[in-house]
2 protein chains.
Amino acid sequence: MQKSDPTLGDRAARTRGRPRAFDRALALARATRLFWVKGYEATSIADLTQAMGIGAPSLYAAFGSKEALYAEALRHYEATYEQLVWAGFHSAPTAREAVSAFLLDSASALTGAPDDHPLGCMVTLSAVGSEGHAELGELVRSARAVTLQRLQARLSAAVAAGELRAGTDIHARARFYQCIQAGMSILARDGTPRAELEAVARQALAQWNV
Amino acid sequence: MQKSDPTLGDRAARTRGRPRAFDRALALARATRLFWVKGYEATSIADLTQAMGIGAPSLYAAFGSKEALYAEALRHYEATYEQLVWAGFHSAPTAREAVSAFLLDSASALTGAPDDHPLGCMVTLSAVGSEGHAELGELVRSARAVTLQRLQARLSAAVAAGELRAGTDIHARARFYQCIQAGMSILARDGTPRAELEAVARQALAQWNV
DNA sequence: CTCTTTTTGTAGCAATCGATACAAAAATAC
DNA sequence: GTATTTTTGTATCGATTGCTACAAAAAGAG
């Protein structure tokens, strides 16, 4: 009677029963790509089962529902691609270098580097909240809010460290960089090349001390 | 046998036949709002007929198909709301004032001013191209490209007029302002208040001579 | 009035939507 | 071996999708 907990993933101790015939992680990665490119509503279960190479019952047994699969795809996306944008930011010694890495690495990652993934950010471009799925909408909305929080925290530390003058409006400055990175996703999806987004990043960084 | 040409709208000379019982322009405005908020795929014909206050046969007789209705809604959107963002840009005496008006008016319009319309730009936020409708996708993509073209043309004129130094990278600068306005739509849809987007605009304008 | 034209509401089309019932299949437990 | 458990593929479920056939209704043309 008891079903396997999907959240346990492949680590679930399945001692009995027919073994799963597909790679759950690989299937999740393929579902993530599909949601990333087409969005939630435009991606059908038939699209998913075809891309994942499994039947519908296998999908539902492993992931629960379309909404649950999207939520898990979102977590997979963050776990896999977040570092492309934030690794340099976190390891930078100064706030200016951190923001510079954030914007330049965004220009790179959002245009498909280094593994030719879809253009633009799945979180930034997701409109699932407006499509009538409030719960998933809150999920991506809160994920988008993290960008602002991190920028704000780093800029606050920069003021405390004397890197930025005390009067600097931290919140407005964080919004500024968040806005630019969000815009990059729109431009990237339309095919704007990496070099042009990097030029945008440099332009944004040119006025650090204003 | 001959059907009325939907493109003629209300100006079609209908001398015979039962008169249309609804306001075509009002119905189109309501359809536009729905597509604006929910996007193409997530908006169903049932949603549309309910919001427009008409039956499905009336919708198809007046607008042709869901795709044709979306295309016409897009034109209605541009004709109605474009001026909110571009009027000040076009009438400004200098390029700097033009770009300033473009960004500040965008901050205003994208947060619902002055008539409490949906948040964000319908054109910027549309993902209809990724949802599997290539023709409509090209429509919104080319609409997005207009922003870059206008900025670039105005900045080029500014260089010719000596407002900007000759070495300025016009294309990169235009991309920069386009990127910021695109980002504003993402932030606005998440509820970022107008004042914060205006602060972003001022921050972007602070480095005109860099 | 009758004839023609166009719109209307009802009712329903084939196709697809997300999701499942079911039994064969494939593993372990005993 | 038999019993138990879980996944598999097939074949669907009811609901919804975009769209339309049809006839009554409402207008002008003659």
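This tour moves through a predicted model, from an annotated domain of chain A to the protein surface beside DNA strand C.

Begin by selecting residues 21–81 of chain A, where UniProt, in an unreviewed entry, places the feature "domain: HTH tetR-type". With this range coloured by secondary structure, the chain reads as 77% helix and 0% strand, and the C-alpha atoms at the two ends of the range lie 27 Å apart.

Next, select DNA strand C together with the residues that have a heavy atom within 4 Å of the strand. The selection around DNA strand C holds 23 residues, of which Thr15(A), Arg16(A), Ile45(A), Lys66(A) and Ala21(B) come nearest. On the DNA side, sugar and phosphate make up 75% of the atoms of strand C that come within 4 Å of the protein. Colouring the protein side by residue class shows nine nonpolar, eight polar and six charged residues on the surface near DNA strand C.

Now display helix H3 (56–63) in chain A and helix H3 (56–63) in chain B, each of which supplies at least two residues of the surface near DNA strand C. H3(A) gives the most to that surface, with three residues.

Finally, zoom in on individual polar contacts with the strand. At Ile45(A), turn on the backbone, since a backbone N or O atom of this residue lies 2.7 Å from a phosphate oxygen of DNA strand C. Moving to chain B, select Ser58(B), where an N or O atom in the side chain is 2.8 Å from a phosphate oxygen of DNA strand C. Close with Arg16(B), which has a polar side-chain atom 3.3 Å from a sugar or linking oxygen of DNA strand C.

Definitions and conventions
Residues numbered from 1 in each chain as written. Chains lettered and ligands numbered in written order. Predicted model: local features only at pLDDT ≥ 70, side-chain atom pairs only at ≥ 80, totals over all residues. Heavy atoms only, no water. UniProt positions renumbered as here; feature names shortened; annotations may be inferred. Helix = DSSP H or I, 4+ residues; strand = E, 2+ residues; numbered from the N terminus. Polar contact = N/O pair within 3.5 Å; in protein donor to acceptor, adjacent residues only side chain to side chain. Nonpolar A, V, L, I, M, F, W, Y, C, P; charged D, E, K, R; others polar.
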